[in-house]
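Here are my notes on the model, set out as numbered points. They cover strand pairing, one helix, one pocket and some backbone details.

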Amino acid sequence: MDYDQYFEAALDTLHQERRYRVFITLEKDAARFPFAARQTEHGTSDVVIWCSNDYLGMSTHPKTVDAMVDTARRMGVGAGGTRNISGTSGPIVSLEKALADLHRKESSLVFTSGYVSNETGIATIAKLLPDCLLLSDEWNHNSMIQGVRRSGAEKAVFRHNDLEHLEDLLKTAGRERPKMIVFESVYSMDGDVAPIHAICDLAERYNALTYIDEVHAVGLYGKTGAGYAEEVGAQNRLDMIEATLAKGFGCIGGYIAAKSSIVDAIRSHAHGFIFTTALPPAVAAAALAAVEHLSSSNTERVAHRRQVARTKEVLIRAGLPVQDNPTHIVPVMVGDPERTKMASDLLLDEHGIYVQPINYPTVPRGTERLRITPTPFHSDALIDQLADALVAVWHKLDLPLHASRAAA
């Protein structure tokens, strides 16, 4: 048996479909974010990162850095065990309390990543409910899809943000059957948002639980940075809120916030929580510092929204095909995997701008794009440079611009 042929064939398919992923080695400059040093076999060069999920730059904030360094010096760099076996530290307990308070829930539980919190949380909840039906938005993240699959429960996928379709599925299931609606608040590739209140209305009408993923919203939206549900005044209507510490809060880890009974049931049954090493105390301390800072400071959110709005305005004025949405995600549509990769390569090699191409299966075929994520640290000058570079690349690849705007 020639095992290698199967692996090589799988890789050949990715290359042929222009979906093979190439990793760019970067050394982020904490003092000059969003600048970083790109490392290649030929040396290093300065680049500007335009696709980071460190949306507010909190990974480099003095409070988060100091909290991590001080805690690591005091407690070491590793947790030393699972939460059940020596891994429950003071910083992680304080973090869980702060997250519960942030989302106005009784309790919260921290996982090693947002992917794990979704996959494990959804699967565990559904397994604990007899004959549970999971109603999942078709655009949900892979971690949510895997959680639904791992649960072994029956699933019904509703068309993205389609309330009529969701209601039909709920009506068919009936009020008495255990049900959970699984959806996101901010969808990370298109940047659109869920109709949270309307979904909660349906959940109440048909006696269903609600589970929302706020991964791309915590820190960025709401008066205290609790997410898009706080932004629209829906936090108290949701049964379970899942989010990450790795994006708006600039660290690593994921969590679920809910009633104490739900959180304790997950804590006691979730294999992805029980059988893995706990988040290191230093990381928990850094995340706690970020949560506490952003719950009282609006400075970062105001600056972020200003630069996002300016980025969209400048790119649209340049004639670039920016997909409209109400959030901080700036999708510049290409619609072809090969030219999306070529555009990314040209931006990096000729303009020192790093934007990762987004291809299938992350997005549907024919909707390939560059996903741009401005931060408060992308200056007006950097925004102008980005627009000029994108226009130059569009011309080089013979991609269409909106002529009236480009000429203006």
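1. A cut-off is needed at the outset: a residue counts as exposed when its relative accessible area is over 50%, and as buried when that value is under 20%. The model discussed here is predicted.

2. Two residues can be read against that cut-off. Asp398 has a relative accessibility of 65% and therefore counts as exposed. Asp398 sits in the loop that links H14 to helix H15 (403–407). Its phi is near 55°, which is a positive value in a residue other than glycine.

3. Ser86 is the other case. With a relative accessible area of 59%, Ser86 is exposed because the value is over 50%. The residue belongs to the loop between helix H2 (62–75) and helix H3 (90–102). Here too phi is positive in a residue other than glycine, at a value near 75°.

4. How do strands S1 and S2 run? Strand S1 (residues 26–28) and strand S2 (residues 35–40) are antiparallel and are joined by three bridges. Glu27 faces Ala37 of S2. The two strands make a hairpin, with six residues between them. Pro34 is in this loop between S1 and S2, and the peptide bond joining Phe33 and Pro34 is cis, with omega about 20°.

5. S2 also pairs with strand S3 (residues 43–49), again in the antiparallel sense, over six bridges. In this pairing Ala37 stands opposite Asp46 of S3. S2 and S3 form a hairpin too, with two residues between them. Ala37 thus has Glu27 opposite it on the S1 side and Asp46 on the S3 side.

6. A further sheet is open and consists of three strands in the order S11-S14-S13, with antiparallel pairing. Its edge strands are strand S11 (330–333) and S13, each of which pairs on one side only. S13 and S14 are joined by two bridges and run antiparallel; the bridge partner of Ile358 in S14 is Arg369. The loop between S13 and S14 contains Pro361, and the peptide bond from Tyr360 to Pro361 is cis, with omega near 10°.

7. Does the length of helix H13 agree or disagree with its residue count? Helix H13 (residues 337–351) has 15 residues, which at 1.5 Å a residue should span 21 Å; the end C-alpha atoms are 21 Å apart, so the two agree.

8. The buried residues of H13 are Pro337, Thr340, Ala343, Ser344, Leu346, Leu347 and Leu348. As general background, an α-helix has 3.6 residues a turn, so residues three or four places apart point the same way. The elements that cover the buried residues of H13 include S2 and S3, together with strand S12 (353–354), strand S13 (357–358), strand S14 (369–372) and helix H14 (380–396). Both hairpin strands S2 and S3 are therefore part of the cover over H13.

9. The second largest pocket has a volume of about 270 Å³. It is lined by 17 residues, and those closest to its centre are Leu209, Asp239, Met240, Lys259 and Ile262. Helix H4 (114–128) and helix H9 (260–269) each contribute at least two residues to the lining. Which element gives the most to it? H9 does, with four residues. By class, the lining has 10 nonpolar, two polar and five charged residues.

Terms used
Residues are numbered from 1 along each chain as its sequence is written. This is a predicted model: local features need pLDDT of at least 70, side-chain atom pairs count only at pLDDT 80 or more; totals for chains, interfaces and linings use all residues. Side-chain values use heavy atoms; hydrogens and water are left out. Two strands pair if DSSP finds at least two bridges between them. On a 1 Å grid over the protein atoms alone, a cavity is a set of points where a 1.4 Å probe fits but cannot get out, and a pocket is an open set with protein on both sides within 12 Å along at least five of seven lines; lining residues have an atom within 4 Å of a point. Grid points are joined across faces, edges and corners, and a volume is the space filled by probe spheres set on the points. Ala, Val, Leu, Ile, Met, Phe, Trp, Tyr, Cys and Pro count as nonpolar, Asp, Glu, Lys and Arg as charged, and the others, Gly among them, as polar. The expected span of a helix is 1.5 Å times one less than its number of residues. Buried means under 20% relative accessible area, exposed over 50%, partly exposed in between (1.4 Å probe, protein chains only). Contact means heavy atoms within 4.5 Å.
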